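I opened the notebook to go through backbone geometry and a few side chains, one residue at a time. The entries follow the order in which I looked things up.

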Amino acid sequence: MKKKILVTGGCGYIGSHTLIELIESGRYDVLCVDSCVRSTPETLDRVKNITGVEVKNYKVDICDKDAFFKVFEENDDIAGIIHFAAYKAVGESVEQPLMYYRNNLGALANVLEACQKYHISHLLFSSSCSVYGDVKTLPVNEETPMGEAFCPYAHTKQIGEAMIRSMQVPNPGTTSLILRYFNPVGAHPSGMNGELSPDKPNNLIPIIMHVASGVLPQMTVFGTDYDTRDGSCIRDYLHVSDIADAHVKAMDYLVEHRNTDGCEVFNLGSGNGVTVLEMLDAAEKVVGHRLNYVLGDRRPGDIPAIYGDSSKAEQLLHWHCRYNVDDMIASAWKWENYLKENVK
Ligand code: UD1
C-alpha cells in the first residue's frame, strides 16, 4: 500500500521536483503545504502535466500552527514529512536575519511538534552544504565538522539540524534524515518544470540562462584570483531531479527501517568540483553561442571552493547521480525556453 507523504514547500523548486519523483516511484501518495509567498500554485499544474496526478495544496503558512495542524486533523494517514519550506537567499538573510530565524526555525518547530503530536513516523529535512562553512579539507563528508556559519541562512540550517537531533529524546517515534545539498541546478529533463527565480536571480545557472536568452545583457564572473585551477570559484553542482530522487530513496530507507540511528545525516552532491568558468564554457556549448560575461571582483561572502563526498548516500541509500553538467545545463536551457513560450 502506498504511504502518504506531506511535502512542505512543494510548489518550490526542489519540492516540486520531489513531488514528481515521489509520484513516479509508484510507492507514495503526496500532499503539499505551501503558502506560495515565494512560489506559485501553478507549479502544481506543471507537476500534473508531467505526472498526470493532481496534487492537493494547503495554502498555509507553517508558522501559523493552528492552520498547519488542521492539515493533520484532516489527514490522519500521513506517514512522513519532507520539509523544504524555507527562505534560502544568502544575501537577503544578511539584510533581514530575524525574518530568516523566525520563518525557517519557527516553521521547523511546528513541523517537529506536528511529528510528535500526530505520530508521524518519518521526517526528511532540507539542509545545505553551507553548514560546513569555509572548509579547508575537500571533499566534504558527513564527518567534516561544521564551521562558522557565514550568513544567517546557513545558521538557520545549523540550528535546524540541532533542533531535529534534540527531538530524538522526547520523540523517538519519528526517525529523521538530514540531507545536505550542494548546488542544485537544472530543470526536469522534459523542460516542463524548473526554477522560477526572482526577477533578478542571484544564482549562477539562472543568471547564465537569462544571459543566454537575452533577458539579461551581461553577467560577471565573481573573482578570477582564487587559488583554484582557473582562478574562479569551485562548486559541486547537481541536477535537481537527482536531488529529488535522493529524497525518494531516503524515504524508502526510513520506511524500510534501514536506518541505524534516529537521526542520520547525508551529503547530496555530485562529488565533482566545477569552476564558474568551466560552467560558462559548458553552457556556451549547450546553447550554441558565446555568452556575454566579464571577469569581475570577488563577491563578498563567497568561499573559494567546496565540493562533497556523497559515497554515504550512494552506499546506504543506493542513490547515484544520473545527470552530468551538460544535462544540467541542457535541461535548464529547455526550461528557460519553455518559460518564454508558456509562462507570461
Ligand atoms: C549558496 C549557498 C547554498 C545556497 C545557495 C542558494 C554556499 C557554499 N552555498 O550557493 O547553500 O543554497 O547559495 O542561494 O554558500 N557566480 C558568478 N556570477 C554570478 C553568480 C554567481 O560568478 O553572477 C558564482 C559565485 O561566485 C559562486 C558560483 O557562481 O562561485 C555559484 O554561485 P551561486 O549559484 O550563487 O551559489 P552559491 O553561492 O555557491
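Before the first lookup I fixed the cut-off that I would apply: a residue is called buried when its relative accessible area is under 20%, and exposed when that area is over 50%. I also noted that the model is predicted.

Entry on Lys-4. I found Lys-4 in strand 1, which covers residues 3-8. Its relative accessible area is 19%, so I entered Lys-4 as buried. Leaving aside residues up to four places away in sequence, I listed what Lys-4 touches: Asp-29, Leu-31, Asn-75, Asp-77, Ile-78, Ala-79 and Gly-80.

Entry on Glu-73. I then turned to Glu-73, which lies in helix 3, residues 65-74. With 54% relative accessibility I recorded Glu-73 as exposed, because the cut-off for that word is over 50%. Residues up to four places away in sequence again being set aside, Glu-73 touches Lys-117 and Tyr-118. For Tyr-118 I could add that its side chain and that of Glu-73 are joined by a polar contact of 2.6 Å. I also looked up a long separation, and noted that the C-alpha atoms of Glu-73 and Ser-311 are 39 Å from each other, with the two positions 238 residues apart along the chain.

Entry on backbone angles. I reminded myself that most residues other than glycine have a negative phi, and that most peptide bonds are trans. Against that background I wrote down two positive phi values and one cis bond.

Cys-36 has a phi near 60°, which is positive although the residue is not glycine. I placed Cys-36 in the loop that runs between strand 2 (28-33) and helix 2 (43-51). Its relative accessibility is 13%, and I therefore entered Cys-36 as buried.

His-119 also has a positive phi, near 55°, and is likewise a residue other than glycine. The loop that holds His-119 lies between helix 5 (97-117) and strand 5. Is His-119 buried or exposed? I put His-119 down as exposed, because its relative accessibility is 66%.

The cis bond is the peptide bond from Leu-138 to Pro-139, whose omega I read as near -5°. Pro-139 itself sits in the loop between strand 5 (122-128) and helix 6 (152-166).

Methods
Residues numbered from 1 in each chain as written. Predicted model: local features only at pLDDT ≥ 70, side-chain atom pairs only at ≥ 80, totals over all residues. Heavy atoms only, no water. Helix = DSSP H or I, 4+ residues; strand = E, 2+ residues; numbered from the N terminus. Buried < 20%, exposed > 50% of the residue type's maximum accessible area, 1.4 Å probe, protein only. Contact = heavy atoms within 4.5 Å. Polar contact = N/O pair within 3.5 Å; in protein donor to acceptor, adjacent residues only side chain to side chain.
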